[in-house]
Amino acid sequence: MIPFFPPDLFESDRQALVDIVYSVGTGREQRFILGHYTEQLEGALSKWLGGTQVVACSSGTAGLGLILRAIGIGAGDEVIVPAFGCAPLASAVVNVGARPVFADVDPRTLVLDPDEVEALITPRTRALMPAHVFSVMADMPKMREIAELHRLRLVEDSAVAQGAALDGHPAGRWGDAGVFSFVQVKTFGTAGEGGAVVTDDPDLASRIRMLRNHGQDPDHRFVHHEVGYNSRFDEVLAAFQLHRLPGLENRLERRAKIAEYYRARFCPLEDRGIIAPPPGRNGRFYYVYSLIAQQREGLKRHLGRCGVASHVYYPMPLPYQPAFETLHSSGQTWPNAEHASRCTLAIPVYPHLSDGQVERIADAVCSFRQGRR
Amino acid sequence: MPPTGATTYVREGKPAPRNGLVPDPAQSTVIPFFSQAATFDRLWPLIHSYLDEMMDRGKYSHGNQVAAFEAELGAWTGARYVVGVNSGTDALVLLLRSCGLTPGAEVVVPAFSFIASASSVVLAGGRPVFADVDPGTYAIDAQAASAAVTSQTQVIMPVHLFSQMADMQALGELASARQLILVEDSAEAVGMRWHGTHAGVLGAGGVLSFFPSKILGAIGDAGAILTNDREIARTAGALRHHGRFGKTLDNFPLISNPTKLPGFNSKMDDIQAAVLRAKLSCLDKDIARRQELARAYSERLDMMPEVIRTPGTEHRGPSEMVFYVYLIEVERRDRLASYLAHRGIGTEVYYPTPLHLQPCFAYLGYRKGEFPCAETACARSLALPLYPDLSLGDVERVCDAIRDFFRGSRR
């Protein structure tokens, strides 16, 4: 079976990881959290993104919460988020006391539909939070336009989109601030939990630095200006990320190459009810390669029989999740999000797949025959 | 009261100047406020084997090491449920949420503690109400706590600081008399027991912090919730993983489970769990070693009239002393800290500012002078180096330096 969540992600880095743990554990400095490695990682990522502020934090989810707090979102505010996506899009808003307002997505790209967003703006709307989904960046130029027109803050959930750029402008740098997630399965995943906030606004960055460490004064320990979080970054993981960063471009390129191959193989399947994600490099990143299949469950079973594991990321739109179902009026519907929840199926796209495995996966998808509907 | 900035290792940016003094280069050896390097090195074969287990499994957070650590810690503490999370602070927030704290409800906490004892209340949607502490235990005074209870109070959350527990007998009685939920901020209280019951499971639940300098310390942030209540454990277990119930621990596919609660990502890293499992294997010995070092401190410092207070080392009442921190009280604390830094000895001030005077709680409207015991403790307390890597000779050196400081100042 070709796994969907490969257990051997860091196989070639095993010794490096062990060495890092030992050297941090026995290091003369005995510094374990927000130390020099974290600072170096922030600097390296900043450079990689063309020069911006990077604040490492405990996860992408935590990063969204830090941004919302730092831009002053709170009780009584509304934040427009996609109806199709990961739970933190809504829970991060709820956890700062505000209300997520769910907008439907584009049926093909699965990212926020700008027209739906505009229709939901009310006097209480304070921010837009589009998310990049699977392999496609949200329509950030349009989101920026809407945000500017209505004087809203723009938070970019770029958790999954490390290395992506749209029209030459990197993911994470389109709004007031964006996030990256470093949980292991991500394109720049690490050996644990972590994330980062990205922003071009130095004041916002300072506030987020303070909020991630208990609202503590940067120079005076135990003086707390704001009620903050413990959302810090561990040195062990920062050192491991620094070790892994030089190989990132190659791994991203390998993902894109696999996606290109898939695209060529899957193009003819459209008549047979399987739609491949949009091709190309501009605004794409290939974290997850998700098909839209009319007979998703059948395809999933078929792939399993062919020895290929697949995964359904969001089987239920966010507004229907029990945690959020009381937050909207019952009349509102999200037909595209519902369709996506019924039909999307992700297949393996990680960089250490061999060419043979990639072919086997493509063969398996292509050999699926739809049943009669 | 400005903090001394003596020895810190969690700080952003450049280290703050040590009150203008740099360690005297003539001092050949430095006694840091904290180190676990020797312990870590000694435990390395075991840590390495746990790291191998983690890497063979290929799940680096919320994985097999976290699952094993939860089980082993449950056995060691006697807590029925252990929920491993990202930090002690997160553990408090998740615990308060899991206890059903309603938005705006009041939680009575001590005015003397680490910030998280009160910020967690705000992050969980509640309102902290402060009460003064007992100068003998540094924990919340039961009578003061009782006086702070109003019709809006839902929870009372004592904190066990440094080396001994709050008066859980009196606080338990208060909680049942006023129908309050009793939650313990037992972040520092690994190994502390009340009539044999481990801190954290005397009320609805408690927490542990595995911040590196803690008695059971990781090499990064980590924490846990302890409880004997199945529902609290279930809810906290879901809240740490985006509000998803079911067996998410050590199990990838369940990331697609429905989100039933607006949760967090507070999963524990398996690297940290691997280190903690190894340290748990020698925790009893480490605690005994800390006791031995504390006794050596007290033998010497109890002779010095300028040291207003040492924690003592004797069994006093139902709670055995377990030394996370060896805390003394002196006048001119900041001068002593600077002097010790000059002699190459790291110290720490726990805590320089009482919670009711923190800028972030100004909105609660407290004034200076309201909690005199907390304010006095903040002005006088100084934590000395205390960890199993320390030698008895180191303790002697620290005590000699303190003696020299007072001799010099007497002249």
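How far apart are the mean positions of the positive and negative charges of chain A? In this predicted model, the 39 positive and the 42 negative charges of chain A have mean positions that are 5 Å apart. Keep that value in mind while you select chain A, which is where the tour begins.

**Chain A as a whole**

With chain A coloured by secondary structure, you can look for twelve helices and twelve strands. The radius of gyration of this chain is 21 Å, close to the 21 Å that the globule rule gives for 373 residues, so chain A is as compact as a globular protein of that length. If you turn the C-alpha trace of chain A along its principal axes, it spans about 70 × 55 × 35 Å. Of the 373 residues in chain A, 64% are buried, and among its contacts with a separation of 6 or more, 70% are between residues 24 or more positions apart. Switch on the surface of chain A, and what you have is an exposed area of about 13,500 Å², of which carbon and sulfur atoms supply 50%.

**A75(A) and its partners**

Next, select A75(A), which you will find in the loop between helix 3 (60–70) and strand 2 (78–82) of chain A. With a relative accessibility of 70%, A75(A) counts as exposed. Leaving aside residues up to four places away in sequence, A75(A) touches V96(A) and G97(A). Add V96(A) to the selection and draw a distance between the two C-alpha atoms: although A75(A) and V96(A) are 21 residues apart along the chain, these atoms are separated by 7.3 Å.

**Two residues with a positive phi**

Most residues other than glycine have a negative phi, and the next two stops can be read with that in mind. Select R151(A), in the loop between helix 6 (140–149) and strand 5 (153–156) of chain A; this residue is not a glycine, and yet it has a positive phi of about 50°. R151(A) counts as exposed, since its relative accessibility is 78%.

Then move to chain B and select H195(B), which sits in the loop between strand 6 (193–194) and strand 7 (197–198). The phi of H195(B) is near 50°, again a positive value in a residue other than glycine, and at 60% relative accessibility H195(B) counts as exposed.

**Chain B as a whole**

While you are in chain B, select all of it and colour it by secondary structure, which comes to twelve helices and twelve strands. A compact globule with 411 residues would have a radius of gyration near 22 Å, and the 21 Å of chain B agrees with this. Taken along the principal axes, the C-alpha atoms of chain B fill a box of roughly 70 × 55 × 40 Å. Buried residues make up 64% of the 411 residues in this chain, and its exposed area is about 14,100 Å², with 53% supplied by carbon and sulfur atoms. Colour the charged side chains of chain B, and you will have 40 positive and 43 negative ones, with the centres of the two sets 3 Å apart.

**A cis peptide bond**

Now select Y350(B) and Y351(B), and look at the peptide bond that joins them: this bond is cis, with omega at about -5°. Y351(B) is found in the loop between helix 10 (333–342) and helix 11 (372–380) of chain B.

**A buried histidine**

Is H242(B) buried or exposed? Select H242(B) in the loop between helix 7 (230–239) and helix 8 (270–280) of chain B; its relative accessible area is 6%, so H242(B) is buried. Show its contacts in both chains, not counting residues up to four places away in sequence, and you will find that H242(B) touches residues including T61(A), A87(A) and P88(A), as well as T259(B), L261(B) and F264(B).

**The cysteines**

For the last stop, show the cysteine side chains. How many disulfides does the structure hold over all chains? The number is zero. C360(B) is one cysteine in no disulfide, and its nearest cysteine sulfur, that of C378(B), is 13 Å away; C360(B) counts as buried, at 6% relative accessibility. In chain A, select C267(A) together with C366(A): the sulfur of C366(A) is the closest cysteine sulfur to that of C267(A), but at 11 Å it is too far for a bond. C267(A) is partly exposed, with a relative accessible area of 38%.

Terms used. Residues numbered from 1 in each chain as written. Chains lettered and ligands numbered in written order. Predicted model: local features only at pLDDT ≥ 70, side-chain atom pairs only at ≥ 80, totals over all residues. Heavy atoms only, no water. Helix = DSSP H or I, 4+ residues; strand = E, 2+ residues; numbered from the N terminus. Buried < 20%, exposed > 50% of the residue type's maximum accessible area, 1.4 Å probe, protein only. Contact = heavy atoms within 4.5 Å. Rg over C-alpha atoms; globule rule 2.2 N^0.38 Å. Areas by Shrake-Rupley, 256 points an atom, 1.4 Å probe, with all protein chains shown as cover. Lys, Arg positive; Asp, Glu negative; His and termini not counted. Charge placed at Lys NZ, Arg CZ, Asp CG, Glu CD. Disulfide = S-S within 2.5 Å.
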